[in-house]
Amino acid sequence: MAPPLVGISIQLLSIAALILQNNIQHDSVETSVHQIQAVYDFIVVGSGSSGAIVANRLAENPHIRVLLVEAGGPSGLINDIPAQTATGALFYSEQDWNYTLTPQKYGVSYQNRVIPENRGHVIGGTSSFNSMIYNRGNRRTFDVWAKEYGAIGWSYEEVLPYFMKYEKNLDPLVASNGFHGTTGPIEITSWSHPPPIIQLHQQAANELHIPSTDINGAQQFGTAVCQAFIDGKGRRSSASNAYIDPNPYPHNLHILARALVTKILFEDKRAVGIQFLRHGTEHKIFAKKEIIVSAGTINTPQLLMLSGIGPEKHLHDLGIPVLSDLPVGDNYQNHWGVSIDFAIKEKYYHLLSTGGQMNVPQLYQFLARKTGPLAQHYRTVVYYNTHNNKDKDWPNTNWETGLYLYPANLSDVRAFPHEDRHAWDIFRAPLLGRYYFFVHPILQRPRSVGSIRLASKSPLYYPLIDGNVLADPKDYADLHESIKAALYFYERSSIAEYLEPIEPIPGCQFCKDRQFVNECDEYIQCLIVQTAYSCYHPAGTARMGAHERHDTVVDPRLRVKGVDGLRVCDASVMPLLMNGNTNAASLMIGEKCADLVKHDNQLA
Ligand SMILES: Cc1cc2nc3c(=O)[nH]c(=O)nc-3n(C[C@H](O)[C@H](O)[C@H](O)COP(=O)(O)OP(=O)(O)OC[C@H]3O[C@@H](n4cnc5c(N)ncnc54)[C@H](O)[C@@H]3O)c2cc1C
């Protein structure tokens with residue numbers, strides 16, 4: 001047997017070689033600039049959950065030339081590692097657009113209540129950046145898209161085949177229930193051996209008559225250990241890893257990274273090209289057939305407005321000539337929630353599995369064997385109906401819970417930039433290096449709707465994002481009730497035995513005359529006021545629906561109204577936000593959009 005030092009040296013060398021190999025592979029996704037042409041058949045703007053799929057599917061036809069343009073750079077090992085320790089490191093990095101909302105009434109910050117709105121600025125977009133929970137949302141959402149908004153072709157029955165088309169579900173038990181695909185490019189896995197504490201967590205929910213369910217199957221209401229966008233090799237199943245990286249069609253699919261598209265170019269009312277900035281230089285490239293904008297819920301409306309498509313008065317005020325007067329940037333919807341950390345009692349650590357850490361043995365295990373704590377990132381979800389919600393099959397709140405190892409050092413805790421650092425440092429100190437449940441009660445069916453507007457006609461200024469967070473009193477009431485229910489669960493169900501009592505967050509106090517925090521409405525209110533934040537699911541800012549509706553931007557074939565040759569294909573087209581995480585549906589939109597484009601251009 002090799003002495004330990006030799007063993008570690010071999011592991012270090014192997015890790016270095018494997019990281020190098022991994023990054024070389026990701027970097028090679030970019031097409032050499034010398035190969036980039038002046039004219040393509042299609043240009044896709046944005047390589048995220050939807051855009052990567054559209055580009056791939058169009059390029060399946062070898063006679064069609066496709067350019068995919070992405071503002072961010074290639075992804076790397078850090079994106080491939082599912083564990084929280086890696087995904088947390090993406091925040092506020094160069095892979096993050098790092099948006100913030102305009103000051104809100106409720107919000108995470110102690111200065112101005114500025115809520116962060118992080119988004120992926122990288123090949124794969126937010127699918128390379130997110131938490132990998134596989135949750136399609138309730139079937140009713142899609143039926144409302146079709147019936148109430150006139151999004152013909154987007155009912156649940158009609159979109160289910162597209163969910164199944166991209167999916168390769170590697171859990172035979174789940175896959176056999178009739179709601180899942182088994183041959184698509186996106187591999188989905190279950191947590192093969194959840195540690196006993198997770199089983200106890202699920203058991204506690206069942207004891208409260210919350211049934212175990214496949215949230216993507218016949219019945220959403222209930223609880224589940226979520227399946228994840230993690231492939232069979234323990235790697236993130238992003239849209240890029242599954243569809244474009246490595247590039248399967250290098251001859252006719254060209255991928256240009258680090259290129260910020262600043263304008264869609266028009267001849268009369270037909271979209272004919274794009275203008276973009278790359279390394280400080282402006283370029284133009286043209287499209288013979290169509291331009292598909294997949295820049296996401298924030299950037300898509302920004303780009304449309306910069307190009308003259310948006311609310312007439314707003315564009316006039318900024319001196320932008322109006323091509324089509326549409327409600328671009330209206331209908332911003334998002335999920336709002338809070339997070340509560342419950343430390344697990346140390347005497348129960350034997351019920352846990354090892355937490356993910358970027359150390360030599362775990363990196364080696366991940367890179368060489370595709371297993372270990374770094375290959376895991378799973379959450380449980382419990383759906384909860386508040387009293388306001390009459391439709392019990394379409395739950396309006398939930399709480400997501402992760403099992404994590406808190407970083408050992410305060411400097412490694414990624415604080416929101418505007419937090420009162422000192423108070424939070426004191427608050428977090430007892431959690432450092434400990435295992436905890438990260439509990440995240442979320443309002444899943446918000447009524448409040450916000451907006452996105454340009455701050456300037458310069459593409460280099462970030463747009464103004466007004467979330468209108470919890471503005472409808474019923475939204476506030478639903479979130480409040482859901483937090484109460486979650487606190488009840490963690491303080492008073494059978495899982496409570498395994499958890500330390502929580503401490504009040506800085507700036508808020510528990511009620512002195514109440515035994516349980518869940519009975520203290522004043523504390524819950526303070527928690528919302530001080531810490532409500534975006535659960536990262538913005539949608540709806542280029543709403544799809546019937547052409548004749550005044551509140552729609554694109555028709556059910558995703559064509560931008562009032563112009564030709566331009567579609568939008570990403571989460572911004574969702575007429576109504578689903579009561580689940582938005583990646584699954586954004587991938588579905590990518591698959592369906594590709595079919596619409598192919599059909600309308602008579603392509604096989
Ligand atoms: C922290 C976080 C965690 C999340 N967790 C989950 C989860 O666990 N499960 C889930 O289902 N969903 C999750 N989501 C949400 C989900 O990932 C997104 O809804 C989904 O990825 C959106 O897809 P999209 O195609 O609309 O946009 P994106 O994937 O964001 O793609 C847009 C792309 O366009 C590029 N782009 C933008 N503007 C330009 C421009 N002008 N020029 C060129 N390129 C441009 C961007 O860089 C980006 O690559 C999470 C999101 C975040 C931020």
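**Exercise 1. The core.** Which residues touch the most other members of the largest nonpolar core?

*Solution.* Before we start, keep in mind that this is a predicted model.
- Step 1: Find the core, which has 164 residues.
- Step 2: Pick out the members with the most contacts to other members: Trp145, Phe437 and Leu566.
- Step 3: Zoom in on Leu566. Leaving out residues up to four places away in sequence, Leu566 touches Ile264, Phe266, Ala271, Ile291, Val293, Leu304, Ile309, Leu558, Arg559 and Val560.
- Step 4: Look for another core. A second, separate one has 11 residues, including Tyr364, Phe366, Leu367 and Leu374.

As background, nonpolar side chains in soluble globular proteins tend to be buried together.

**Exercise 2. The ligand.** Work out what surrounds the ligand and which backbone atoms lie beside its polar atoms.

*Solution.*
- Step 1: Start with the shell. There are 40 residues around the ligand, and Ser49, Glu70, Thr126, Thr582 and Asn583 come nearest.
- Step 2: Sort the shell by type, and you get 16 nonpolar, 21 polar and 3 charged residues.
- Step 3: Check the backbone. A backbone N or O atom of Ser131 sits 3.0 Å from a ligand nitrogen, and one of Val261 is 2.9 Å from a ligand nitrogen. For Ile133, a polar backbone atom is 2.8 Å from an oxygen of the ligand.
- Step 4: Now ask how much of the ligand is covered. On its own it has 1,000 Å² of accessible area, and the protein covers 98% of that.
- Step 5: Name the elements giving two or more residues to the shell: strand 9 (259–267), helix 10 (296–306) and helix 16 (583–600).

**Exercise 3. One residue in strand 9.** Is Leu260 buried or partly exposed?

*Solution.*
- Step 1: Place Leu260 in strand 9.
- Step 2: Compare its relative accessible area, 22%, with the cut-off: buried means under 20%. Leu260 is therefore partly exposed.
- Step 3: List its contacts beyond four places in sequence: Ala71, Trp97, Gln275, Phe276, Leu277, Pro459 and Leu460.
- Step 4: Take Phe276 from that list. Leu260 and Phe276 are 16 residues apart in sequence, and their C-alpha atoms are 5.3 Å apart in space.

**Exercise 4. Unusual backbone.** Look at Met132, Asp268 and Pro246, and say what stands out in each.

*Solution.*
- Step 1: Recall the usual picture: most residues other than glycine have a negative phi, and most peptide bonds are trans.
- Step 2: Met132 isn't a glycine, yet its phi is positive, near 70°. You'll find Met132 in the loop between strand 4 (116–117) and helix 5 (139–147). Met132 is buried, because its relative accessibility is 1%.
- Step 3: Asp268 also has a positive phi, about 55°. Asp268 is in the loop between strand 9 and strand 10 (270–278). With 73% relative accessibility, Asp268 counts as exposed.
- Step 4: For Pro246, check the bond from Asp245: it's cis, with omega near 5°. Pro246 lies in the loop between helix 9 (239–243) and strand 8 (253–256).

**Exercise 5. A covered helix.** Which residues of helix 6 are buried?

*Solution.*
- Step 1: Go through residues 156–166, and you get Tyr156, Val159, Leu160, Tyr162, Phe163 and Tyr166.
- Step 2: See what covers these buried residues. The cover includes helix 5, strand 5 (167–169), strand 6 (186–188), helix 9 and helix 16.

Definitions and conventions. Residues are numbered from 1 along each chain as its sequence is written. This is a predicted model: local features need pLDDT of at least 70, side-chain atom pairs count only at pLDDT 80 or more; totals for chains, interfaces and linings use all residues. Side-chain values use heavy atoms; hydrogens and water are left out. A residue is near a molecule or strand if one of its heavy atoms lies within 4 Å of it. A polar contact is a pair of N or O atoms within 3.5 Å; within protein, one must be able to donate a hydrogen and the other to accept it, and residues adjacent in sequence count only if both atoms are side-chain atoms. Accessible areas come from the Shrake-Rupley method with a 1.4 Å probe; for residues, only the protein chains shown count as cover. Helices (H or I, at least four residues) and strands (E, at least two) are DSSP runs, numbered from the N terminus. Ala, Val, Leu, Ile, Met, Phe, Trp, Tyr, Cys and Pro count as nonpolar, Asp, Glu, Lys and Arg as charged, and the others, Gly among them, as polar. A nonpolar core is a set of buried Ala, Val, Leu, Ile, Met, Phe, Trp, Tyr and Cys residues joined through side-chain atoms within 4.5 Å. Buried means under 20% relative accessible area, exposed over 50%, partly exposed in between (1.4 Å probe, protein chains only). Contact means heavy atoms within 4.5 Å.
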